[in-house]
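Reader: I am new to this and would like some help. Could you show me how to read cysteines and pockets?

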Amino acid sequence: MKGETLAIHGGEKVKTKSFGTGRRFGTEELKELREALEQNTLFYHTGNKVTIFLKRFNELYGIQRSVATSSGTAAIHVALGAAGVSVGDEVITSPITDQGTLIGILYQNGIPVFADLDPRTYNLDPQSVADRITPKTKAILVVHLAGSPADMDPIMAIAKRHGLKVIEDCAQSYLARYKGRLVGTIGDYGCFSTNDFKHISTGDGGIVTVNSGNEEEYRMVHAFADKNYQRWQGEVFRDLDYLAPNYRMTELQGAVGIAQLKKLPDIVRQRHRYGERITEGIRDLPGILPPRLCDGGWSSYWFYMFRLDQSRLNCSREQFSEALREEGIPNHPGYIPQVVYQQPMFQKRQAYLNSDFPFDLSGRAYPGGLCPVAEHILETAIRLPVSEFFTEEDAEDVIRGIRKVAGFYTSVGSYPSGNDVY
């Protein structure tokens, strides 16, 4: 498509038909909700919908124990609390993530420490993780971004060597696999979100997997999500040894979750197929850097993000994005506007209004250039939506659009494929 007139310059658009759409919720969810209401209780300890939801989730993931929460953010906080993260403890995590990954660290009065990323998987670089460890490090919070698994074996080896807990943030990575294992079952805890912007939705909600097989640890996680109440076999023990929040899931959330879980394997299968097809269709383009999976990785593609090698293109990232949008291909330059440590909370060192606690416990600063690869990813990335409702034609149109824009903006000269740049 090199030399073809772009739509932004008056040429014919690549995408002239609407993308495929569909309904996420239907009669299955209505049936479960009706049954929940007919119980005459929406409290999960006296109803059965949350219990069934967790049982089905455990079966799907091949695990024994999990705990339901009110959100994915809550799930991470619960895991951090159960892991023993407390005042002044350091937690190593990713600088490209939603703030939900970070809130629990600071609520536990811990210190977020940011490790750099692999330039093509967008996930934690194990060597950078190792370089950030200090005597204050308590845990590693691994983000599996956009459906793509992080390289877990070296991370787990680092954690074992230093006696650290590993928490997996799987909010965007349902049924993603690493060397045959489902993410969320590899670390000490796996944290999932069921808010409306994930593979499955209960409106809001979350799950914590407890992977140790230790009954006492499971009870700690369960209690930490429930104000530290000990609810076992119909009894409630209210002796409070330490502070814990109320992050309980309701029966309405559990009911919708039961129906949504039945759809999850097909949702993930379709998203994987379209994501892989896009990569195959653009991997030979100079100036285009498709995402790369770590060895043994299998992605469930919550979204698709590629990068530009602008030394091979005669346009800015914003120009490329706008031209692609005019071809009928929705996209967004970058994922989040900037790495999270450049947000005011970290630059002002203010987690609580009018206080510098807990940042004052640490000599950590958050300057620009702290994680140069992560910063460069966000400066050069273009994010595309992926949907289980796409058609084969939709995926091919996405490829055609990228190829057309890249062909127009390719710098004069002969270049090798961009696959090995950076």
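Reader: Why does cysteine 294 form no bond with the closest cysteine sulfur?

Author: Start with the cut-off: a disulfide needs two cysteine sulfur atoms within 2.5 Å. In this predicted model, the sulfur of cysteine 294 lies 13 Å from the closest cysteine sulfur, that of cysteine 170, so the pair is too far apart for a bond. The structure as a whole holds zero disulfides.

Reader: Is cysteine 294 buried or exposed?

Author: The word "buried" applies under 20% relative accessible area. Cysteine 294 has 13%, so it is buried. Cysteine 315 is buried too, with a value of 8%.

Reader: Thanks! Now, how do I find pockets, and how much space lies in the largest pocket?

Author: Rolling a probe the size of a water molecule over the atoms shows where empty space is left. Here the largest pocket holds about 530 Å³. It is lined by 32 residues, and Thr97, Asp98, Gln99, Gly100 and Thr101 are the closest to its centre.

Reader: Which element gives the most to that lining?

Author: That is α4, with four residues. Helices α3 (72–82) and α10 (344–347) also give two or more residues each. By class, the lining has 13 nonpolar, 14 polar and five charged residues.

Reader: What volume does the second largest pocket have?

Author: Its volume is about 290 Å³. Of its 16 lining residues, those closest to the centre are Thr51, Leu54, Ser66, Tyr218 and His222. The largest share, five residues, comes from α2, and the lining as a whole counts seven nonpolar, six polar and three charged residues.

Conventions
Residues numbered from 1 in each chain as written. Predicted model: local features only at pLDDT ≥ 70, side-chain atom pairs only at ≥ 80, totals over all residues. Heavy atoms only, no water. Buried < 20%, exposed > 50% of the residue type's maximum accessible area, 1.4 Å probe, protein only. 1 Å grid on protein atoms, 1.4 Å probe; cavity = no way out; pocket = protein on both sides within 12 Å on 5 of 7 lines; lining within 4 Å. Points joined across faces, edges and corners; volume = space filled by probe spheres on them. Nonpolar A, V, L, I, M, F, W, Y, C, P; charged D, E, K, R; others polar.
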